[in-house]
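Q: Hey, can you walk me through this one? I'd like to start with whatever sits around the ligand.

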Amino acid sequence: MRKLFLASLTAIVATASASLSASAQEVTLRAVTAFAEGTQFSKNFERFIEKVNKDGKGLVQINYIGGPRAMPPFEVGNAVRSKVVDIANAPGAFYTNLMPEADAIKLISKPMSEQRKNGTWELLNQLHNEKLNSYYLARQFHNLPFHIYLNKKIDKLDFTGLKIRVTPVYRDIVQALGGTPITTPPGEVYTALERGVADGYGWPVIGIFDLGWEKVTKFRMEPAFYSVEVSVLVNLDSWKALNDKQRKVLSDAALWLEGLDSESVAAIAAERDKHAKAGIQAIDFGPGESKKFVDRANDVAWQSVIAKSPETGKKLRALAGN
Ligand code: 173
């Protein structure tokens with residue numbers, strides 16, 4: 001009798017600890033994005049989440065909390081730093097308050113496969129570790145540029161008298177050309193244009209249709225410049241708490257996500273076409289002026305990064321090679 005009791009007790013304990021270790025093995029991470037759900041700069045991150053949730057069954061799952069409805073975009077960096085969330089999808093431009101060097105990521109346009117080999121990823125990861133308490137899991141959109149969109153026609157590269165909506169991505173070049181920068185998150189762009197609070201805005205070559213901005217946009221200024229960057233960051237404590245198998249699910253999905261950049265070329269062509277159909281005209285000052293603009297945009301942005309962080313800024317510029 002006593003033997004039987006002990007045997008069944010052992011069985012119960014064994015079952016209980018098995019399910020305990022099974023559930024302890026599957027970790028659920030909370031994720032937010034700095035862009036509206038379902039829009040261009042959240043979409044691939046959402047595909048990444050789907051992939052992790054499929055490949056990571058029994059190991060690691062992601063609970064997608066959402067975008068700006070859940071958290072203000074400029075708070076996302078701080079949220080991943082302080083572990084309010086475990087994963088964030090955000091551009092460096094939205095957390096330069098915590099990591100001034102994040103403003104340099106837009107100036108690095110080498111493919112991630114190269115950045116992972118030549119030391120760029122390593123340096124940026126180290127900076128994210130130190131300043132954002134985060135692991136730099138992935139960087140998206142290295143081959144997608146930005147533009148300045150305008151509602152007032154200009155006949156030379158001069159923004160004097162123009163108020164232009166910016167984030168840190170465009171602030172230095174807008175100021176260098178005499179414009180007045182107004183910083184807003186993406187969610188406030190439509191109203192700023194509609195009310196004439198802004199005469200134009202900076203944004204990537206794709207994505208203006210997501211929030212209806214084509215209705216309040218007349219011109220797209222050429223040339224395209226910089227390199228869009230939206231990174232996936234994992235809180236460093238959350239990352240360290242994962243085991244090797246769990247980290248592999250995330251790292252493999254990160255490489256897959258970076259591989260989606262191959263879709264950019266077709267997306268750019270389709271979007272420029274869509275601009276034309278929506279009546280958005282290109283303002284183009286020709287190859288000479290365009291080159292001057294791109295060189296100026298690069299120089300003022302690097303100067304600004306190097307002024308804030310001389311040693312690291314110079315290292316990043318050497319790695320970027322521009
Ligand atoms: O314009 C912005 O809000 C911005 O900085 C950005 C950065 C990356 C992708 C999309 C927008």
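Q: What's the shell around the ligand like by class?
A: By class, it has 13 nonpolar, two polar and two charged residues. Here Ala, Val, Leu, Ile, Met, Phe, Trp, Tyr, Cys and Pro count as nonpolar, Asp, Glu, Lys and Arg as charged, and the others, Gly among them, as polar.

Q: Anything I should know about the model itself?
A: This is a predicted model, where local features need pLDDT of at least 70, side-chain atom pairs count only at pLDDT 80 or more, and totals for chains, interfaces and linings use all residues. Residues are numbered from 1 along each chain as its sequence is written, and side-chain values use heavy atoms, with hydrogens and water left out.

Q: Ok, which residues are the closest to the ligand?
A: Arg165, Thr167, Val169, Tyr170 and Trp203, out of 17 that surround the ligand. A residue is near a molecule if one of its heavy atoms lies within 4 Å of it.

Q: Which part of the chain gives the largest share of that shell?
A: That's β8, with three residues. Both β8 (200–204) and α6 (168–176) supply at least two residues each. Helices (H or I, at least four residues) and strands (E, at least two) are DSSP runs, numbered from the N terminus.

Q: And which polar side chains touch the ligand's oxygens?
A: Among them is tyrosine 170, with a side-chain N or O atom 2.5 Å from a ligand oxygen. Arginine 165 has a polar side-chain atom 2.8 Å from a ligand oxygen, and threonine 167 also has one at 2.8 Å. For a polar contact, the pair of N or O atoms must be within 3.5 Å.

Q: How much of the ligand does the protein bury?
A: 100% of the 300 Å² that the ligand exposes when taken alone. Those areas come from the Shrake-Rupley method with a 1.4 Å probe.

Q: New topic: where's the cis peptide bond?
A: Between glutamate 222 and proline 223, with omega about 0 degrees. Proline 223 is in strand β9 (residues 219–225).

Q: And what's phi at lysine 83?
A: Near 65 degrees, a positive value in a residue other than glycine. Lysine 83 is in the loop between α3 (76–81) and β3 (87–90).

Definitions and conventions
Polar contact = N/O pair within 3.5 Å; in protein donor to acceptor, adjacent residues only side chain to side chain.
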